[in-house]
Protein chains: 2
Amino acid sequence: MNRTELSELGEFGLIEHIASRVKLVNTSTIKGIGDDAAVIDNRHALTLVSTDLLVENIHFDLTYTPLKHLGYKAAVVNFSDIYAMNGVPKQITVGIAVSNRFSVEAVEELYSGLRLACENYHVDLVGGDTTSSPGGLFISLTVIGEANSDEVVYRSGAKENDLICVSGDLGAAYAGLLILEREKEVFKTNPDFQPDLAGNDYILERQLKPEAKKNINQALKKNEIKPTAMIDISDGLASEIQHICKQSDKGCRIYDDKLPIDQQTISAVLDFGIDPSTCALNGGEDYELLFTVGIGDFEKVKRIPEVHIIGHITAPGEGLFLITGKGEQVPIVSQGWDGLKK
Amino acid sequence: MNRTELSELGEFGLIEHIASRVKLVNTSTIKGIGDDAAVIDNRHALTLVSTDLLVENIHFDLTYTPLKHLGYKAAVVNFSDIYAMNGVPKQITVGIAVSNRFSVEAVEELYSGLRLACENYHVDLVGGDTTSSPGGLFISLTVIGEANSDEVVYRSGAKENDLICVSGDLGAAYAGLLILEREKEVFKTNPDFQPDLAGNDYILERQLKPEAKKNINQALKKNEIKPTAMIDISDGLASEIQHICKQSDKGCRIYDDKLPIDQQTISAVLDFGIDPSTCALNGGEDYELLFTVGIGDFEKVKRIPEVHIIGHITAPGEGLFLITGKGEQVPIVSQGWDGLKK
């Protein structure tokens, strides 16, 4: 593979290189890359904005993360924040700081993943920034979405007796990470060793190439359900339900035996001596949607195959508890991701 | 001064700490910090979005940049991009990646500068991200602005015979940087030496605490002038006029003796053996507005005290030239900032 130094292209050359490969698809995108700002027409809807910062060796490890996957994941994870507001992502800006160990081809790999995510989710890449970094790769993403004003769902709207629902299954991305970290350690000791990833396709894909749950919002809308509160699961279920309960000023009960966990996740984490429920509660990076619906929507929400009812909201002051199979009440304590404590 | 470790507060503690000090002032800000995305109501206007990434030791040097000034400058520089579209900045999101050599108090200093800029420019801080960095400080900013659809000015609209105008004066920020870099070198050799900054207040302020030119847009509007093309000067006049000419498919003539340069800038750069015009053309970080207006607006634009007419747009293929005092034509070549070549 060719190696073109970034300094050969320079910043403007790189921007042109990136811009020439970007196609705009949304009618709300009036102007994309190439001016002082992107121009967006959201005059029929509200504008949603969310920003993420991804740092090498904090959020990702390039030893086992292909750059294309990294780009795809970085974008999708950001789209997930917009779905968690019950909105639709429409535009994204991407800033990258790269050291000179990266070539133009490496940057192109990263952008090919970003572009693929944009294509799959019908999002326009409309701007950003490219600069050098004294060390490591930094990626900043800002996603712009839209929602009608009567559609936006905040974290703060959960009511007593509301049902707590979650999409898909939990803990898989963390299980995938455990496998990748194990194989990395083996590789360090013996670089000739081939990584043993067989039988773990699902959990590896959940870690390396997650998807945002756009079909959940669509299914809810189709079934005429508007969640009372919603958040996406990036730091783990335990951490996210705390956000909903805190901002809604409520308590909750979540039932251990209702937690949706894939069989591959269970096998993998048991191998590491980790309890599957702990993994589902604290693993993080699921990018599933956690939401609450009124008790009156019980029959309707039951009809959506990918959604699981895992508990209910209680009165303020009643605390946050996990109810085990034996009926014990265990306080929900977040052990999830903390970007400043790692 | 107290030192509180970031790990004591954790990410959510730090976010609460930041959020508790933020006041929202714009009616278009429906929801700020604290959910999966900020919610903005721009339904009477278009939305403008611009992103910047600032990297320690690439874009700023903490040896001589106080964190409060850095926060102020980071925000203002971003606002400048929105003014350059003839819009008004309304919201900002801020992502920071900090290593553990920074304390909570240091982060607070940075945010106090960001907040002051937001206050002075009536912008709401509506979200962001905080995480750790294995080394160095990274700041990503995304500013959201608004403009009526008939007000937006792109880089691409310059017409033949249009007047080329620039606000304020040029080269001052670069002159300030030269002084700061000189004193840093002296300090390295002799740490007891007091920096000699006397008589350079104006150029140091232009480097450390620049302002965005919001009054220019207002003055243009008041005088019923709509620029045909506009850009803000971050990489230097030479680089920016190339953007306008390239995107408008035109040439230009700029007159050396019309370049506005402050006396303090001239004295300082001559001390370093640098030609003041070269500094004005390539210094960068001026955050002045460079724009073109129709020849019919000559009388009106002349009335705005802070605006200088420095040249005119020529036909496509006629090239980009600086006309010296002796009438010589020198091709304009950008030697400005390149984020990937430094």
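Helices (H or I, at least four residues) and strands (E, at least two) are DSSP runs, numbered from the N terminus. This is a predicted model, in which local features need pLDDT of at least 70 and side-chain atom pairs count only at pLDDT 80 or more, while totals for chains, interfaces and linings use all residues. Residues are numbered from 1 along each chain as its sequence is written, and chains are lettered from A and ligands numbered from 1 in the order in which they are written.

**View 1. Helix α8 of chain A spans residues 263–271.**
Welcome to the first close-up! A:Gln264 is found in this helix. A:Gln264 counts as partly exposed because 19 other C-beta atoms lie within 10 Å. To read that label, place C-beta atoms from the backbone and count the others within 10 Å: 20 or more make a residue buried, 12 or fewer exposed, and anything in between partly exposed. In α8(A), the buried residues are A:Thr265, A:Ala268 and A:Val269. Seen down the helix axis, they fall within an arc of 90°, so they line one face of α8(A); the arc is that of the directions from the helix axis to the C-beta atoms. A:Gln263 and A:Asp271, on the other side of α8(A), are exposed. Just after the helix, look for A:Gly273, with a positive phi of about 70°.

**View 2. Around α8(A), look for the partners of A:Gln264 and the cover over the buried residues.**
Two residues are in contact if their C-beta atoms, placed from the backbone, lie within 7 Å. Setting aside residues up to four places away in sequence, A:Gln264 touches A:Asn200, A:Tyr202 and A:Ile203. A:Ala172 is 92 residues from A:Gln264 in sequence, yet the two are 7.8 Å apart in space, C-alpha to C-alpha. The cover over the buried residues of α8(A) includes α4 (172–189), α5 (201–208) and α9 (276–282) of chain A.

**View 3. Strand β9 of chain A covers residues 251–255, and its side chains alternate.**
A:Cys252 and A:Ile254 point to one face and are buried, whereas A:Gly251, A:Arg253 and A:Tyr255 point to the other and are not. Strands of a sheet pair through backbone hydrogen bonds, either parallel or antiparallel. Here, two strands pair if DSSP finds at least two bridges between them. With β11 (residues 307–314) of chain A, β9(A) pairs in the antiparallel sense over four bridges, and A:Gly251 stands opposite A:Thr314. With β12 (residues 320–323) of chain A, β9(A) runs parallel, joined by four bridges; there, A:Arg253 faces A:Phe321.

**View 4. In chain B, seven strands make an open sheet with mixed pairing.**
Follow the order β8-β10-β7-β11-β9-β12-β13 across the sheet. β8 (229–232) and β13 (329–331) of chain B are the edge strands, each pairing on one side only. Neighbouring strands are turned by 25° against each other on average, direction ignored. Near the end of that order, β12(B) and β13(B) pair in the antiparallel sense over three bridges, with B:Phe321 opposite B:Pro331. Helix α7 (residues 237–248) of chain B lies across β7, β8, β9, β10 and β12 of chain B, at about 150° to β8(B). For these angles, axes are lines fitted to C-alpha atoms, for helices over the stretch in contact, and values run from 0 to 180 degrees between N-to-C directions.

**View 5. Both chains contribute strands to an open sheet of six.**
The order is β1(A)-β2(A)-β3(B)-β6(B)-β4(B)-β5(B), with mixed pairing. β1 (29–31) of chain A and β5 (124–132) of chain B have a single partner strand each, so one side of each is left without a neighbour in the sheet. From one strand to the next, the twist averages 20°. Where the chains meet, β2 (residues 38–40) of chain A and β3 (residues 46–55) of chain B pair antiparallel over three bridges. A:Ile40 stands opposite B:Thr47 there.

**View 6. Contacts between the chains involve 60 residues of chain B and 60 of chain A.**
On the side of chain B that touches chain A, β3(B) gives the most, with nine residues. One residue to find is B:Leu48, whose contacts beyond four places in sequence include A:Ala37, A:Ala38, A:Val39 and B:Ile82.
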